[in-house]
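Trainee: Please choose a single part of this structure and examine it closely. I should then like to follow the account outward from that part to the rest of the chain.

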Amino acid sequence: DPEATPFSRIWCCFEEGVVMLAARGHLASYRRSRSGDGVFGRTALQELVARDGADGRRQPLMLDIATTHPSTGEAEMLTEGLTEREAEDEQEDPGMGWSKKSDREESFPVGVVQSCLDIDVREASASEEVDKTRILNALAGRPLGSLDDAPKLADPSCETINQALRSLFAVAAWRQALHSGKDISSKKSDLPL
């Protein structure tokens, strides 16, 4: 959506965060706890996203960004990798898939990504405060019995997710920013990357 709502809602941040944690291997290290209270909060997440392409498992999840162009209403999408068709083109003619990806993403409205460069999962909103509490605790790897406790907002996992998402969005915006002539050279620029 043109307002980039998914980057300010906790359930969306949860999904984005799980993809980012999984891509960095942070979910795989959480196993059953020895404290006797059962399972770490991330175990179910780890099983859900056990995708690394190894041992016959599915390929890792990727985070794509879709919106409609504010002036044309046309669907626009930034992808973390190539689409299936672009991958086929890349196989047939090396460089062609990446060229088509570049052409496809050229008109993506950079303002949508710009609003994501300051994402902070700790500030995301929820219609039910208990959802936010449980999600932040699950992302922090708290034991299941502690998911309703006050979240530890200083937990490093929140900043790991924030930095991973910000870097993904910065890379996604970089080419569009250069193409549209936006200044990216400093924090005071049009698009501080």
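Mentor: Let us begin with D89, which is buried, with a relative accessible area of 5%. The model under discussion is a predicted one, and the part chosen here is the salt bridge that D89 makes with K100, in which the side-chain N and O atoms lie 2.8 Å apart. K100 belongs to helix α4 (residues 96-105) and D89 to helix α3 (residues 84-92), so the contact ties together parts that are 11 residues apart in sequence. The two partners differ in their surroundings: K100 has a relative accessible area of 35% and is therefore partly exposed, whereas D89, at 5%, falls among the buried residues because that class takes in values under 20%. The pair does not stand by itself, for R85, E88, D89 and K100 are linked in a network of salt bridges. Side chains of opposite charge can pair when their charged atoms come close.

As to confidence in this region, α3 has the highest mean pLDDT among the elements of the protein, 95. At the other end of the range stands helix α2 (residues 43-48), whose mean pLDDT of 50 is the lowest among the elements. Over residues 30-42 pLDDT stays under 50, although the model has 34 contacts beyond four places in sequence for that stretch. Where pLDDT is low, the predicted coordinates should not be read in detail. For the protein taken together, the mean pLDDT is 76, and 75% of the residues reach 70 or more.

From the chosen pair we may turn to other charged pairs, since a search of the whole structure finds 11 salt bridges. One of them joins E159 to R122, with the closest N and O atoms 2.9 Å apart. E159 is in helix α7 (residues 156-179) and R122 in the loop between α5 (110-114) and α6, so this bridge ties together parts separated by 37 residues in sequence. E159 counts as partly exposed at 24% relative accessibility, and R122 likewise counts as partly exposed, at 21%. A further salt bridge pairs R134 with D148, the closest N and O atoms being 2.5 Å apart. This pair links distant parts of the chain, R134 in helix α6 and D148 in the loop between α6 and α7, 14 residues apart. R134 itself is partly exposed, its relative accessible area being 38%.

Helix α6, which spans residues 129-139, also has an inward side: K132, T133, I135, L136, N137, A138 and L139 are buried. After α6 comes G141, whose phi is positive, near 80 degrees. L139 carries the account into the nonpolar interior, being one of the residues with the most contacts inside the largest nonpolar core, together with F7, M20, I65, L165 and F169. That core has 33 residues, and the elements giving two or more residues to it are α1, α5, α6 and α7. Its largest share, 9 residues, comes from α7. Leaving aside neighbours within four places in sequence, L165 is in contact with E16, M20, L63 and I119. In soluble globular proteins, nonpolar side chains tend to be buried together.

Helix α1 (residues 10-23) includes C12, a partly exposed residue with a relative accessible area of 26%. C12 and A124 are 112 residues apart in sequence, yet their C-alpha atoms are 9.0 Å apart in space.

There remains the strand pair. Strand β1 (residues 65-68) runs antiparallel to β2, and 4 bridges join the two; A66 has M77 as its bridge partner in β2. The strands form a hairpin with 6 residues between them, and G73 in the turn has a positive phi of about 75 degrees. Side chains alternate along β2 (residues 75-78): E76 and L78 point to one face and are buried, while A75 and M77 point to the other and are not. H69 is placed in the loop between β1 and β2. With a relative accessible area of 19%, H69 is classed as buried because the limit for that class is under 20%. Not counting residues up to four places away in sequence, H69 touches E74, E76, S107 and P109.

Conventions
Residues numbered from 1 in each chain as written. Heavy atoms only, no water. Buried < 20%, exposed > 50% of the residue type's maximum accessible area, 1.4 Å probe, protein only. Pairing = 2+ DSSP bridges. Salt bridge = Lys/Arg side-chain N within 4 Å of Asp/Glu carboxyl O. pLDDT = per-residue confidence, 0-100. Contact = heavy atoms within 4.5 Å. Core = buried A, V, L, I, M, F, W, Y, C linked by side-chain atoms within 4.5 Å.
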